[in-house]
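Q: Can you walk me through this one? I'd like the fold, the packing and the odd spots.

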Amino acid sequence: MRAIEFHEYGGPEVLRLVEATTPRPGPGQVAIDVAWAGVNFADVKARAEGYRIDRLPYRPGLEVSGHVKAVGEGVEGLAVGQEVAALVGGGAYAEVVLADAEAVHPLPRGLDLRTAATLPTVLPTAHALIHEVGRLRAGESVLVHGAAGGIGTAVGQLARAAGAGAVYGVASTEAKAAYALKYGYDEVFRPDTFAEDVRRATGGRGVDLVLDPVGGDTLRRGLESLAVFGRLVSFGNAGGDAPWQVGQPELYGQGHSVSGFSVLSLAQTAPAAARALTERALRAVSEGTVTLPVTAEFPLADAAEAHRLLGGRGSTGKLLLRVKD
């Protein structure tokens, strides 16, 4: 089978197309004939700096859609040929991928394979940020960094559906801001002025919920943008800064709280909870609450081009690799 690997860290050019042995599922595993694979910023960080990698060579990719090729011992409820989407710990850039059965989801009626490949990381993350972790209540306001990305696109819609009083975004360009405004956002600010813009837009009150995938100084300024009793959820460190810590002096004064979320970590430490979260999130798609637009797709052999686009921070929405023509 064909797969994409890298044997050293570096730019998109280190990605290489290789011939590999087709894997067979062990107990509790499912082999999937991959139709589409999602491209995420975590893949770019893995290639560039070894994010979440134990050893090389490494095959990137965290989410796929396709058909069940084979099931391992003890797997129930999944059958050969069934259309599924799956979250995997890595290796999604390949024609056949192994996944833990707990992380494999039959597609709801009406959901096509191309759309399904956008969901396993983005939609559970977005759902958790608004509901399970962010706990947004009707009438509250929310500020979302990366509003034009895949997660930001879903979060804007989910926040609006949850009855948010105001949905503010942060995006780096006018084009990205215009894109985000189509998906639930009332206003979209720039990264260098968002804290001041929040105070202006809210009459000095601040927002009830900040969702931050950037980290570093952006996280600190997000905390300063909170209203009394506001919450901040960190779900990444895309900025690459050293982890910023917050303690009692920053939180006590106005009753602020800080929490974190990673769907990959949840899948490893609490797979049943991750599965239930994903099922709730998938219902939001099947019910029409959320749409996730694919803004660019590439054949598997052109994975490096997908990484150049995503790593250049010029993309919006979701990027996919077309594995089976």
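What follows is a short chat about the sheet, the cores, the salt bridges and some backbone details.

Q: Before we start, what kind of model is this?
A: It is a predicted model.

Q: OK, the open sheet. What is the strand order, and is the pairing parallel or antiparallel?
A: The order is 10-9-8-11-12-13, six strands in an open sheet. The pairing is parallel.

Q: Which strands sit at the edges?
A: Strand 10 (187-189) and strand 13. Each of them pairs on one side only.

Q: And what is the average twist from one strand to the next?
A: It averages 20 degrees.

Q: How many bridges between strand 11 and strand 12?
A: Five, in the parallel sense. As a register marker, V207 is opposite L226 in strand 12.

Q: Which strands does helix 6 touch on that sheet?
A: Helix 6 packs against strand 8, strand 9 (166-170), strand 10, strand 11 and strand 12. Its direction is at about 150 degrees to that of strand 10.

Q: Switching to the interior. How many residues are in the largest nonpolar core?
A: The count is 49. L123, V142, V155, Y185 and L211 have the most contacts inside that core.

Q: Which helix gives the most to it?
A: Helix 3 (residues 122-132), with six residues.

Q: What else is there apart from that core?
A: Another core, of 43 residues. F6, V30, I32 and V104 are among its members.

Q: Back to Y185. What is it in contact with, beyond its neighbours within four places in sequence?
A: The list is V144, A147, G152, V155, G156, R160, V167, Y168, G169 and A180.

Q: Now charges. How many salt bridges in the whole structure?
A: A search finds 20.

Q: What about E140, which residue does its side chain meet in a salt bridge?
A: R231, at 2.9 Å from N to O. The pair links distant parts of the chain, 91 residues apart. E140 is in the loop between helix 3 and strand 8 (141-145), while R231 is in strand 12 (residues 226-234).

Q: Are E140 and R231 buried or exposed?
A: Both are buried. E140 has 8% relative accessibility, so it counts as buried.

Q: What else does E140 touch, leaving out residues up to four places away in sequence?
A: Besides R231, E140 touches R135, A164, G165, A166 and D208.

Q: Where does K69 find its salt-bridge partner?
A: At D33, with the closest N and O atoms 4.0 Å apart. K69 is in strand 4 (residues 63-71) and D33 is in strand 3 (residues 29-39), 36 residues apart.

Q: Buried or exposed, those two?
A: In between. K69 counts as partly exposed because its relative accessibility is 38%. D33 has 24%, so D33 is partly exposed too.

Q: And helix 7, which residues form the salt-bridge network?
A: D217, R220, R221 and E224 are linked there. Within that network, the side chains of E224 and R220 meet at 2.8 Å, N to O. Both lie in helix 7 (residues 216-224), four residues apart, about one turn of the helix.

Q: How exposed are E224 and R220?
A: E224 is partly exposed at 46% relative accessibility. R220 is partly exposed at 29%.

Q: Which residues of helix 7 are buried?
A: G216, T218, L219, R221, G222 and L223.

Q: What covers them?
A: The cover includes strand 8, helix 6 (194-201), strand 11 (207-212), strand 12, helix 8 (248-252) and strand 13 (257-260).

Q: Last topic, the backbone. Which peptide bond is cis?
A: The one from L56 to P57, with omega near -5 degrees. P57 is in the loop between helix 1 (41-49) and strand 4.

Q: What is the phi of R52?
A: Positive, about 65 degrees, although R52 is not a glycine. R52 lies in the loop between helix 1 and strand 4. Its relative accessible area is 37%, so R52 is partly exposed.

Q: And R135, what is its phi?
A: Near 50 degrees, a positive value in a residue other than glycine. R135 lies in the loop between helix 3 and strand 8. R135 counts as exposed because its relative accessibility is 59%, over the 50% cut-off.

Terms used. Residues are numbered from 1 along each chain as its sequence is written. This is a predicted model: local features need pLDDT of at least 70, side-chain atom pairs count only at pLDDT 80 or more; totals for chains, interfaces and linings use all residues. Side-chain values use heavy atoms; hydrogens and water are left out. A nonpolar core is a set of buried Ala, Val, Leu, Ile, Met, Phe, Trp, Tyr and Cys residues joined through side-chain atoms within 4.5 Å. Buried means under 20% relative accessible area, exposed over 50%, partly exposed in between (1.4 Å probe, protein chains only). Helices (H or I, at least four residues) and strands (E, at least two) are DSSP runs, numbered from the N terminus. Contact means heavy atoms within 4.5 Å. Two strands pair if DSSP finds at least two bridges between them. Axes are lines fitted to C-alpha atoms, for helices over the stretch in contact, and angles run from 0 to 180 degrees between N-to-C directions.
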